[in-house]
Amino acid sequence: MMQQLFSEFKPNTAAEWKARIIKDLKGEAFESLVWKNENGMDILPFYTPEDLKEQYQPAFTHADWEICVHAKPGNQKELNTNLLRQLNNGATAISLSCEGLDEEVALRDVALNFIKSTFYASPGELTGLDAWLIKHHDLSRLECSLFARKLENESDLENWLHATQKYTSLQGVKTACFDALFFHNLNCHAYYEVAVILSGLNEFLNKYSENNNLPVAPFVVKTGVNSDYFMQIAKLRAIRRLWNILKAEYGISNELYVIVETSLTNKSISDSYNNLLRTTIESMAAVSGGCNELLVTNFDLLFPVNLKLSERMAVNQQLILKEESYLDKMAD
């Protein structure tokens, strides 16, 4: 019956669609419907399969993603309690700064071998983290991203590569990590953000090539997403496609691990609960764009009132997208 229903309607060509639109415009130019977005791209009023000039390989093939939470520095016991609470509530990844971090207290009972983790450290701070990780964890089972907390010049990058060279043979410990979230939160255009990210990745590749010590783990990018839904999806997909071109130039096979955080640039103080809608749209764009890990900012981040509620909601938003919207069953 369903097949018969569809057979009664013939498909329309792009030319037929355009003719119908021109007729409905009643003399107004078709070009008046073409929108030039802030990135300088012309967005047409409709698209059909005829606009697909060639068949592309999928930009990514994974469906699921990690639910990440970020713990701010402060009282180490409270930080530990906070991390354990959020992990018990459904988070599967944590993000921490090593500045002033007491690993023995802050990470007590946090089973890093069973979750994803991200640490921001200077080469000096990495020494203390190294000792604690070796003491308490099996490094061969660790799934961890190490971001350099300060990379201001070429010398800093050299120091970072030297400090992390012990990890280059480990598949799970990612040390080539580029953080572009700062640029995103300056409200820069998507194309500029992509350019900055590829430039940063290329800088890592140049340095690794000079030292002949390329890590086996994936390279990592951290960036943000705003509520420009389709543009943010396109941005994340472009980063992956351009990475494939870049790694082919260097003759490497390292994958790209993408960490995404919802934007700070469009959040409101006066209607903070509406921020839940904004971060949900942004989360859907991040997942549809192929993020590996997602950090949703608290809806009342700009004017905190109930930290436990906002932290719980940031995790629950992602749980709903997985368990009720089934976005974790969709790949590309």
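Start by selecting Lys26: this residue comes right after helix 2, and its phi is positive, near 55°. Keep in mind as you click around that this is a predicted model.

Now step back into helix 2 itself, residues 14-25. Its twelve residues reach 17 Å from the first C-alpha to the last, close to the 16 Å expected at 1.5 Å a residue. Color Ala14, Ile21 and Leu25, the buried residues of this helix. Look down the axis of helix 2 and you'll find its buried residues within an arc of 40°, so they line one face of the helix. Then turn to the other side of helix 2, where Ala15 and Lys23 are exposed.

Next stop: strand 6, residues 143-148. Is this strand mostly covered or mostly open? Mostly covered, with five of its six residues buried.

Add strand 5, residues 116-121, to the selection. Strands 5 and 6 pair in the parallel sense, over six bridges. For a spot to zoom in on, pick Lys116, which stands opposite Glu143 in strand 6. Show helix 5 (residues 123-136) as well, and you have a right-handed β-α-β unit made of strand 5, helix 5 and strand 6.

Strand 6 has another partner to visit: strand 7, residues 173-174. The two run parallel and are joined by two bridges. Here Cys144 stands opposite Val173 in strand 7. To trace how the chain gets across, follow it from strand 6 through helix 6 (residues 154-164) to strand 7. That β-α-β crossover is right-handed.

Key
Residues numbered from 1 in each chain as written. Predicted model: local features only at pLDDT ≥ 70, side-chain atom pairs only at ≥ 80, totals over all residues. Heavy atoms only, no water. Buried < 20%, exposed > 50% of the residue type's maximum accessible area, 1.4 Å probe, protein only. Helix = DSSP H or I, 4+ residues; strand = E, 2+ residues; numbered from the N terminus. Pairing = 2+ DSSP bridges. Right-handed = clockwise from strand over helix to strand, strands pointing away. Expected span 1.5 Å × (residues − 1). Arc of directions from axis to C-beta.
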